[in-house]
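Trainee: Could you take me slowly through one part of this model, the salt bridges, and explain which partners they join and how open those partners are?

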Amino acid sequence: MGITDGNKKVMDRQVFAMDQVIFREGKHGSAAFVVQEGKVEIFKTINGDEEVVLGTIEEGGLFGELALVDNQPRMASARATERTVLIAISRQTFEKKMSSSDRFILSLIHISEPTRPRLIS
């Protein structure tokens with residue numbers, strides 16, 4: 001399933017079963033996600049096996065975008081807590097949208113993460 005802009009596919013819909021991991025902490029991120037249906041739990045693993053839940057993302061919520069902003073490995077893991085449908089936003093689509101965004105908005109992103117590399121010059 002995909003979302004198109006004319007004939008070009010710009011986003012994918014992905015379906016995850018309950019308890020299915022969407023991405024893992026420490027891995028490279030190539031997409032951000034919007035929850036279309038269901039819920040996603042964001043968690044960190046501590047001491048190799050203890051999981052600490054950082055939050056829950058519900059319908060309409062965005063997650064995973066930080067890996068696209070700072071180009072660093074994922075800071076936490078994500079898993080579906082029920083059957084979940086996500087819209088995946090690729091790095092290419094994200095960067096294209098960011099490059100055409102208002103410079104004020106881009107500045108706010110960079111102020112909030114001053115030690116991270118800039119997307120624009």
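Mentor: This is a predicted model, and a good place to begin is Arg-79, which forms a salt bridge with Glu-41, the closest N and O atoms being 2.9 Å apart. Arg-79 lies in strand E8 (residues 77-80) and Glu-41 in strand E5, so this pair ties together parts that are 38 residues apart in sequence. With a relative accessibility of 14%, Arg-79 counts as buried because the cut-off for that word is under 20%, and Glu-41, at 17%, counts as buried too.

Arg-79 also forms a salt bridge with Glu-51, and here the closest N and O atoms are 2.6 Å apart. Since Glu-51 belongs to strand E6 (residues 50-57) and Arg-79 to strand E8, the pair ties together parts that are 28 residues apart in sequence. Glu-51 is partly exposed, its relative accessible area being 41%. Through shared partners, the salt bridges join Glu-41, Glu-51 and Arg-79 into one network.

A search of the whole structure finds 5 salt bridges, and among them is the one between Lys-44 and Glu-25, whose closest N and O atoms are 2.9 Å apart. Lys-44 sits in strand E5 (residues 40-46), while Glu-25 sits in the loop between strand E3 (21-23) and strand E4 (31-37), so this pair ties together parts that are 19 residues apart in sequence. Lys-44 is partly exposed, with a relative accessible area of 28%, and Glu-25 is likewise partly exposed, with a value of 28%.

How values were computed
Residues are numbered from 1 along each chain as its sequence is written. This is a predicted model: local features need pLDDT of at least 70, side-chain atom pairs count only at pLDDT 80 or more; totals for chains, interfaces and linings use all residues. Side-chain values use heavy atoms; hydrogens and water are left out. A salt bridge is a side-chain nitrogen of Lys or Arg within 4 Å of a carboxyl oxygen of Asp or Glu. Helices (H or I, at least four residues) and strands (E, at least two) are DSSP runs, numbered from the N terminus. Buried means under 20% relative accessible area, exposed over 50%, partly exposed in between (1.4 Å probe, protein chains only).
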